[in-house]
Amino acid sequence: GILLADYFKDILMGEHLPPDLAVQAAASPFYRQYNPLKPNWVDQSSKLPGTNLTRAFEPYPTIALDPGHGGAEIGASHLFPDGLILREKDLTLTVATKVAAILRQKGYNVIQTRTTDAWVDSAMKDVDGDGKVTLADDLQMRIDLANNAHATLFLSMHFNGTTDPAIRGTTIYYDQAEPYFRRSQYFAGLLDTETLAALNKIGFAGADRGVQTDSQAVGAGSH
């Protein structure tokens with residue numbers, strides 16, 4: 001019974017299907033019907049009339065917060081005339097720590113990939129097994145921490161900088177290559193809306209660069 005239920009869930013979500021069953025599953029009217037971007041979270045309601053899948057497979061989440069950069073990787077920075085230096089690595093850690101505290105007060109289970117000003121891969125391990133230790137190992141360790149904690153949500157925080165004044169505002173990126181991309185897209189939309197609303201509430205009219213796929217990121221491929 002449990003295996004059948006899991007298989008049916010995988011069909012509805014279009015995830016984790018073994019190759020020998022994927023073709024058969026694709027012919028089912030239930031295939032990939034779980035879509036948080038559609039009313040009642042049903043992708044094609046005409047095929048499943050009267051069905052409501054809202055949050056049907058959303059467990060109580062473990063949230064992984066990833067403050068970007070750390071240690072020697074300072075990220076973007078700016079020196080003000082009065083000598084004040086803003087560093088991206090400091091801002092991301094401050095914001096992530098405050099967000100974690102708020103979420104824990106609400107009863108959520110939260111992990112942070114780092115809680116100090118240091119690389120996550122502070123032991124300098126060759127995490128990806130390519131025979132050398134690089135920034136890629138630090139990034140992979142962040143992902144591994146989230147996966148090992150069975151995180152429902154992974155949110156990486158950054159405060160990007162550029163010398164091009166035309167590029168400004170808030171952007172939420174998600175990965176469209178993953179099988180669960182529609183849930184990521186749904187969350188990205190929520191986060192974009194709420195971030196802008198919060199900024200407007202304190203009198204800051206932020207430029208909305210919207211929700212984009214990570215392949216559209218400015219400086220894609222860099223940290």
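**Strands, helices and a cavity in a predicted model**

Q: Where does His150 stand, and what is its phi?
A: His150 comes just after helix H4 and takes a positive phi of about 55°. The model is predicted, so local features need pLDDT of at least 70 and side-chain atom pairs count only at pLDDT 80 or more, while totals for chains, interfaces and linings use all residues. Residues are numbered from 1 along each chain as its sequence is written, and side-chain values use heavy atoms, with hydrogens and water left out.

Q: Why is H4 called a helix, and how do you know that its span fits?
A: Helices are DSSP runs of H or I with at least four residues, strands are runs of E with at least two, and both are numbered from the N terminus. H4 covers residues 135-148. The expected span is 1.5 Å times one less than the number of residues; for the 14 residues of H4 this should give 20 Å, and the end C-alpha atoms are 20 Å apart, which agrees.

Q: What makes S1 and S4 a pair?
A: Two strands pair if DSSP finds at least two bridges between them. Strand S1 (residues 62-67) and S4 are joined in the parallel sense over four bridges, and therefore meet this rule. One of these links has Ile63 with Val110 of S4 as its bridge partner.

Q: Why do S4 and S5 count as edge strands?
A: The open sheet of three strands has the order S4-S1-S5, with parallel pairing. S4 (109-112) and S5 (153-157) each have a single partner strand, so one side of each is left without a neighbour in the sheet.

Q: Which residues of H4 are called buried, and what covers them?
A: Buried means under 20% relative accessible area, exposed over 50% and partly exposed in between (1.4 Å probe, protein chains only). In H4, Asp137, Asp138, Met141, Arg142 and Ala146 are buried. Their cover includes S1, S4 and S5, where contact means heavy atoms within 4.5 Å.

Q: Why is Asn200 called partly exposed?
A: Asn200, which lies in helix H5, has 47% relative accessibility and therefore counts as partly exposed. Leaving aside residues up to four places away in sequence, Asn200 touches Ala205 and Gly206.

Terms used:
Axes are lines fitted to C-alpha atoms, for helices over the stretch in contact, and angles run from 0 to 180 degrees between N-to-C directions.
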